[in-house]
Amino acid sequence: MGASSPQLAAMMAATAAKALALLAERAEYSAASGPELRQLAPGGGAAAYGPVSPNASQLRNIALCSQLQETHRSLSTLLARLPPTAAPALGGALGAVQAAAVDCVAPIFRAVVEACEERLLRMHEWPGYGGAGDSGDVTSTSPHVAEAAALLGDFR
């Protein structure tokens with residue numbers, strides 16, 4: 001290729017970076033927001049103890065995150081093949097796409113962490129856990145640990 005190829009690659013990378021930045025911005029605007037993102041069960045909040053199933057807002061953000069992640073994954077493979085003058089422009093824009101993907105699902109992850117913490121903090125209330133009522137049975141599982149494990153399984 002001629003001497004203009006690195007310059008052409010840099011121009012194309014700059015154009016693609018602008019498009020990726022716009023994609024990240026639009027993703028932030030189209031992502032669902034509000035308290036429904038933190039609900040872990042239909043009709044319940046973070047303290048609900050039933051099985052977890054995603055609501056429409058969560059599904060929307062999960063799908064958006066998946067699409068952004070796929071875009072990031074697909075274009076990241078190009079960075080190693082680009083000339084050194086073109087890679088930085090595209091790399092920064094891909095970082096913005098990755099950040100937008102994480103922002104879409106961050107409230108859901110925070111809600112799960114808080115729900116697990118709340119369940120585990122209730123362990124001291126379990127009758128067979130230490131204190132005068134300790135039965136000495138170390139093979140049984142606390143119902144709070146079982147709830148946290150079930151929550152994580154549903155979340156997965």
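1. A starting point that will help with several residues here: buried means under 20% relative accessible area, exposed means over 50%, and partly exposed is in between. Isoleucine 62 has a relative accessibility of 36%, so this residue counts as partly exposed. Please keep in mind throughout that this is a predicted model.

2. Let's stay with isoleucine 62 for a moment. Its place is in helix H2, and, leaving aside neighbours within four places in sequence, isoleucine 62 is in contact with Val105 and Ile108. Between isoleucine 62 and isoleucine 108 there are 9.3 Å from C-alpha to C-alpha, while in sequence the two are 46 residues apart.

3. Both isoleucines turn up again at the largest pocket, which holds about 200 Å³ of space. Twelve residues line this pocket, and the closest to its centre are Pro54, Ile62, Ile108, Asp154 and Phe155. Two or more lining residues come from each of H2, H3 and helix H4 (143–155). H3 gives the most to the lining, with four residues. In character, the lining residues divide into nine nonpolar, one polar and two charged.

4. Now for the inside of the protein. In soluble globular proteins, nonpolar side chains tend to be buried together. Here the largest nonpolar core has 16 residues, and those touching the most other members are Leu20, Leu64, Leu68 and Cys104. Helix H1 (5–30), H2 and helix H3 (87–121) each supply at least two residues of this core. With eight residues, H3 gives the most to this core.

5. Leucine 68 is a good residue to click on if you would like to see this core. Not counting residues up to four places away in sequence, leucine 68 touches Leu23, Ala27, Val97, Ala100, Ala101 and Cys104. There is also a second, separate core of seven residues, and among its members are Leu40, Val112, Ala115 and Cys116.

6. How many salt bridges does a search of the whole structure find? The search finds two. Side chains of opposite charge can pair when their charged atoms come close. In one of the bridges, the side chains of arginine 38 and glutamate 114 meet at 2.1 Å, N to O. Arginine 38 lies in the loop between H1 and H2 and glutamate 114 lies in helix H3, so this pair ties together parts that are 76 residues apart in sequence. Arginine 38 counts as partly exposed, at 29% relative accessibility, and glutamate 114 counts as partly exposed at 38%.

7. The other bridge sits within a helix: glutamate 70 and arginine 73 both lie in helix H2, three residues apart, which is about one turn of the helix. The closest N and O atoms of this salt bridge are 2.5 Å apart. At 39% relative accessibility, glutamate 70 counts as partly exposed, and arginine 73, at 48%, counts as partly exposed too.

8. One last stop on H2 is histidine 72, which lies in this helix (residues 56–79). Is histidine 72 buried, partly exposed or exposed? Histidine 72 has a relative accessible area of 21%, so it is partly exposed; the cut-off for buried is under 20%. Not counting residues up to four places away in sequence, histidine 72 touches Leu94, Val97 and Gln98. Val97 is also one of the residues that leucine 68 touches. The C-alpha atoms of histidine 72 and glycine 95 are separated by 8.3 Å, with the two residues 23 apart along the chain.

Note on methods
Residues numbered from 1 in each chain as written. Predicted model: local features only at pLDDT ≥ 70, side-chain atom pairs only at ≥ 80, totals over all residues. Heavy atoms only, no water. Buried < 20%, exposed > 50% of the residue type's maximum accessible area, 1.4 Å probe, protein only. Contact = heavy atoms within 4.5 Å. Core = buried A, V, L, I, M, F, W, Y, C linked by side-chain atoms within 4.5 Å. 1 Å grid on protein atoms, 1.4 Å probe; cavity = no way out; pocket = protein on both sides within 12 Å on 5 of 7 lines; lining within 4 Å. Points joined across faces, edges and corners; volume = space filled by probe spheres on them. Nonpolar A, V, L, I, M, F, W, Y, C, P; charged D, E, K, R; others polar. Salt bridge = Lys/Arg side-chain N within 4 Å of Asp/Glu carboxyl O.
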